[in-house]
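Trainee: I'm new to this one, so please take a close look at a single part with me: the inside, cavities first. Then show me how the surroundings fit in.

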Amino acid sequence: MAVSVTVLYHHPADVAAFDKHYTEVHAPLAAKLPDLQSYTVVRPGPGPDGSAPAYHLVATLIWPSPEAMQSAMGGPEGQATNADLANFAQAGTTFLIGGVEQVV
């Protein structure tokens, strides 16, 4: 079963610095994770009522199996990606990990 890691990035104090680092440094690091099948980024906009989104950025990474994800995250690429969070995600992150069920 495929497994997904979704990272919810809380709102940074310096949006421009966060976005620059994420785009130029962090995303290229994450894109090198072994066996990664899919990597998407969503920059949430206001809700239907105009309210501010709960998160600044949502990244979803998918691997073919839990074992592939664990191997990738435990290897040098995963360690480098995780270590980089301290360089730009000071506002915090929330990780959601689970099996992927294709609906459509």
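Mentor: Let's start with the empty space: there is one cavity of 30 Å³ or more. A cavity here is a set of points, on a 1 Å grid over the protein atoms alone, where a 1.4 Å probe fits but cannot get out, and its lining residues have an atom within 4 Å of a point. Before going on, keep in mind that this is a predicted model, where local features need pLDDT of at least 70, side-chain atom pairs count only at pLDDT 80 or more, and totals for chains, interfaces and linings use all residues. Residues are numbered from 1 along each chain as its sequence is written, and side-chain values use heavy atoms, with hydrogens and water left out.

The largest cavity has a volume of about 120 Å³, taken as the space filled by probe spheres set on grid points that are joined across faces, edges and corners. Its lining is made of 15 residues, and those nearest the centre are Val7, His26, Leu61, Thr81 and Phe95. Strands β1 and β3 (57-63) and helices α1 (15-31) and α3 (76-84) each give two or more residues to that lining. Those element names come from DSSP runs, numbered from the N terminus: helices are H or I with at least four residues, strands are E with at least two. By type, the lining residues are 12 nonpolar, three polar and no charged. For that split, Ala, Val, Leu, Ile, Met, Phe, Trp, Tyr, Cys and Pro count as nonpolar, Asp, Glu, Lys and Arg as charged, and the others, Gly among them, as polar.

Now for the core. The largest nonpolar core holds 20 residues, with Tyr9, Tyr22, Leu33, Trp63 and Phe88 having the most contacts inside it. Strands β1 and β3 give two or more residues to this core, and so do helices α1 and α2 (66-74). Such a core is a set of buried Ala, Val, Leu, Ile, Met, Phe, Trp, Tyr and Cys residues joined through side-chain atoms within 4.5 Å. Take Phe88: leaving out residues up to four places away in sequence, Phe88 touches Tyr9, Phe18, His21, Tyr22 and His26. (Touching, or contact, means heavy atoms within 4.5 Å.)

His21 deserves a stop of its own. This residue sits in helix α1 and counts as buried, at 19% relative accessibility. The cut-offs are under 20% relative accessible area for buried, over 50% for exposed, and partly exposed in between, with a 1.4 Å probe and protein chains only. The side chain of His21 makes a polar contact of 2.9 Å with that of Asp84. A polar contact is a pair of N or O atoms within 3.5 Å; within protein, one must be able to donate a hydrogen and the other to accept it, and residues adjacent in sequence count only if both atoms are side-chain atoms. Beyond four places in sequence, His21 touches His26, Asp84, Asn87 and Phe88.

Staying in helix α1, you'll find Ala27, which is buried at 18% relative accessibility. Ala27 touches Tyr22 and Tyr39, again not counting residues up to four places away. Its C-alpha is 8.7 Å from that of Thr81, although the two are 54 residues apart in sequence.

Next, the strands. Ser4 belongs to strand β1 (residues 3-9) and is buried, with a relative accessible area of 13%. The side chains of Ser4 and Thr6 share a polar contact of 3.5 Å. Setting aside neighbours within four places, Ser4 is in contact with Thr60, Leu61, Ile62, Leu96, Ile97, Gly98 and Val100. Over in strand β4, Thr94 is partly exposed at 26%. Thr94 touches Thr6, Val7, Leu8 and His10, leaving out residues up to four places away, and a polar contact of 3.1 Å joins the side chains of Thr94 and His10.

Lastly, go out to the loop between α1 and β2 (38-42), where Asp35 lies. Asp35 is exposed at 52%, and has a phi near 65°, a positive value in a residue other than glycine. Most residues other than glycine have a negative phi. Gln37 is in the loop between α1 and β2 too and is exposed at 53%, yet Gln37 touches Ile62, Trp63 and Pro64, not counting residues up to four places away.

Note on methods
On a 1 Å grid over the protein atoms alone, a cavity is a set of points where a 1.4 Å probe fits but cannot get out, and a pocket is an open set with protein on both sides within 12 Å along at least five of seven lines; lining residues have an atom within 4 Å of a point.
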